[in-house]
Each structure stands twice: as C-alpha cells, then as structure tokens.
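Grab a coffee and work through these exercises with the model open in your viewer. Each one has a task, then a solution in steps.

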Amino acid sequence: DHVDVEGLEEAVAQLDPKDPEFSVKSFSDLPLSDPTQAGLKASHFTALTDIQSRAIPLALQGRDILGAAKTGSGKTLAFLIPVLENLYRAQCIGPDAGLGALIISPTRELAIQIFEVLRKLGRKGHMFAAGLLIGGKNLKEEQDALARMNILVCTPGRILQHLSQTANFDVYNLRMLVLDEADRILDMGFQHDVDAIIQYLPPDRQTLLFSATQTKRVQDLARLSLKDPEYIAVHEAA
Ligand code: ADP
Ligand code: MG
C-alpha cells in the first residue's frame, strides 16, 4: 500500500552507496519490498555477490549503470531486483500500468533463464504481468498479450518486430531498459536492432547495461544508451 511505498522510498533515498564505508552484505539489509524479500528467501538467496552489492543500491536510486562482471557472477539479480523494486515503488505494476520495463537478451535461451529467475523472484506476492518475446510463437497471439504486460524479456529481433509492426503497442510508460550480455548482443550483430529499439523508447528512462567483458563496442553502446552512468567493474581477486 501507499505507506509501505513511502517508507521504502525514504529508505532507498537514505542509502549512501558513494560513501567508501558503504557496504551491503545481505539482501535483508536492503530496503526491498516484502514480496521481493520473500521471493529471495524462498529461492535461498541470502548474501549479495560483488556485482549485486555494488549495482543494486545505485540502481534502486535510479542511476544508469554500466556493469561488467564475468559469467556466473550474479548479474541477473543485479538488474531484476531494481527492475521489480523501481516499478513497485513507482506503482507501475498492474493491468493498467502498461509496459514499465524491457529486458533485452542476446539469445532465446538466456531470455528464458532471465524469465525463470523473474518468476521465482516474483512468486511471493508480486502482481506484475511478465512476458517472454523470443520468436517462435504466433505473432498475433503475442500482439494480443502485449497490452497487459508490465515487464518483457525479449530478444532484439522480436521486440523490434513488435515495435515496428504492432499497432497500439504502447511504450509510453516505459521506465527501465536493461541490456543484458551487451557484449554478446553486439558480437551477434544486433547493434542496428538495438539502436532502432532505443529510438522507440522514452528518453527519460533508466538504463542498466551489463556485460561479461568491457570492449570498445560496449563502451560505444553505453555512450548511446546511458545517461551519466555509474561504471562498475568487478574483477576477480588476485
Ligand atoms: P551472470 O549473469 O553474471 O552470468 P547469473 O545471474 O546467471 O550470473 O548467476 C549465476 C549463478 O549464481 C546462478 O545459478 C544464480 O542462481 C547464482 N546466484 C546469483 N546471485 C546469487 C546470490 N546472491 N547468492 C547465491 N547464488 C546466487
Ligand atoms: Mg547473465
């Protein structure tokens, strides 16, 4: 309810992730909604990984992020938790809220994995509608479902097809864009698709870009898609 949201909003604003002393070790120490805390607990996630503890507080505060950390470091929750929480606090979840977040993944398999983690995270009381747009399904059926979705996980080609062909596909309320595995998105030749997708989206959104490696092309994409981003690179301890 509103009181809960106001309390969370205040707690998020009070985080001071730029303070060198700041560190958050467990999810229970973060100002997250009850359903998210319950979803994390039910999935047995207790301690944050490095990329999560550095990215999540800043992302909760609405910052754009360019995050680089190797495969297996926990990047999925580093963006899914802020997506869910920022939409929840903005009360942009529900049948009339429209599309609040778009998560772009290079492959169908990775998109399915993200979608499964989102489902697990949301299964303890969140009311969002989430969809997978990865091709291989009837375009018309997908078109009919789009209007109800709050969060979409998609591959670049399929979402671009909908943005360019689906009448009434409204991205006006979009608040968050996630580009996951950005290095692979670029390696697979989706640069033009991603550029075209971004042209359809409201410019005053939050963008989170994650990558396993930092390449020149990832930096170039970041320059095009991010606003005053926070750069977070997690290196393995020597
Ligand atoms: P990446 O996208 O960086 O390759 P993933 O998000 O796929 O990494 O996470 C890799 C594995 O680590 C998954 O099996 C995931 O469930 C697990 N994991 C992620 N975050 C945590 C955490 N905070 N605690 C325990 N396991 C985690
Ligand atoms: Mg990943």
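**Exercise 1.** Is the crossing of α4 and α5 left-handed or right-handed? Work out the crossing geometry and who makes the contact.

*Solution.* One thing before we start: this is a predicted model.

- Step 1: Find helix α4 at residues 75-89 and look at its axis against that of α5; the two come within 11 Å and cross at roughly 50 degrees.
- Step 2: Put a word on that angle. Since angles of 65 to 115 degrees count as roughly perpendicular and those under 35 as roughly parallel, α4 is oblique to α5.
- Step 3: Now the hand: the crossing of α4 and α5 is right-handed.
- Step 4: List the contact. From α4 come T76, L77, L80 and L84, and from α5 come I114, V117, L118, L121 and G122.
- Step 5: Sort them by class, and the contact of α4 with α5 gives seven nonpolar residues, two polar and no charged ones.

**Exercise 2.** At what angle do α2 and α5 pack? Name the residues involved and sort them too.

*Solution.*

- Step 1: Helix α2 covers residues 34-42 and helix α5 covers 108-122; they pack at about 115 degrees, with axes 7 Å apart.
- Step 2: That makes α2 roughly perpendicular to α5.
- Step 3: α2 brings T36, G39 and L40, while α5 brings K120, L121 and G122.
- Step 4: By class, the contact of α2 with α5 has two nonpolar, three polar and one charged residue.

**Exercise 3.** What is the strand order in the open sheet, and which strands stand at the edges?

*Solution.*

- Step 1: Walk across the seven strands and you get β3-β4-β2-β5-β6-β1-β7, paired in parallel.
- Step 2: β3 (130-133) and β7 (230-233) each have a single partner strand, so they stand at the edges with one side lacking a neighbour in the sheet.
- Step 3: From one strand to the next, the twist averages 15 degrees.

**Exercise 4.** Are the residues on the two faces of β5 buried or exposed? Describe the strand's surroundings.

*Solution.*

- Step 1: Start with the partners. β5 runs parallel to strand β2 (residues 101-104), joined by four bridges, and L102 has L177 of β5 as its bridge partner.
- Step 2: Strand β6 (residues 206-211) also pairs with β5 in the parallel sense, over four bridges; here M176 stands opposite Q206 of β6.
- Step 3: Check the faces of β5 (residues 176-179). M176 and V178 sit on one side, L177 and L179 on the other, and all are buried.
- Step 4: Add the helix: α10 (residues 216-225) lies across β1 (65-68), β5 and β6, running at about 175 degrees to β6.

**Exercise 5.** How many residues of α3 are buried? Then set the helix against E141.

*Solution.*

- Step 1: Helix α3 (residues 50-60) is mostly covered, with 10 of its 11 residues buried. Among them are I51, R54, I56 and L58.
- Step 2: Just past α3 comes G62, with a positive phi near 95 degrees.
- Step 3: Turn to E141, which is in helix α6 (residues 139-146). Its count is 9 other C-beta atoms within 10 Å. The exposed class takes 12 or fewer, so E141 is exposed.
- Step 4: For a final distance, take the C-alpha atoms of E141 and K120: they are 25 Å apart, with the two positions 21 residues apart along the chain.

Notes. Residues numbered from 1 in each chain as written. Chains lettered and ligands numbered in written order. Predicted model: local features only at pLDDT ≥ 70, side-chain atom pairs only at ≥ 80, totals over all residues. Axes fitted to C-alpha atoms, helices over the stretch in contact; angles between N-to-C directions. Parallel < 35°, antiparallel > 145°, perpendicular 65-115°, else oblique. Contact = placed C-beta atoms within 7 Å. Nonpolar A, V, L, I, M, F, W, Y, C, P; charged D, E, K, R; others polar. Buried ≥ 20, exposed ≤ 12 C-beta atoms within 10 Å, placed from the backbone. Pairing = 2+ DSSP bridges. Left-handed = near helix turned anticlockwise from the far one by under 90°.
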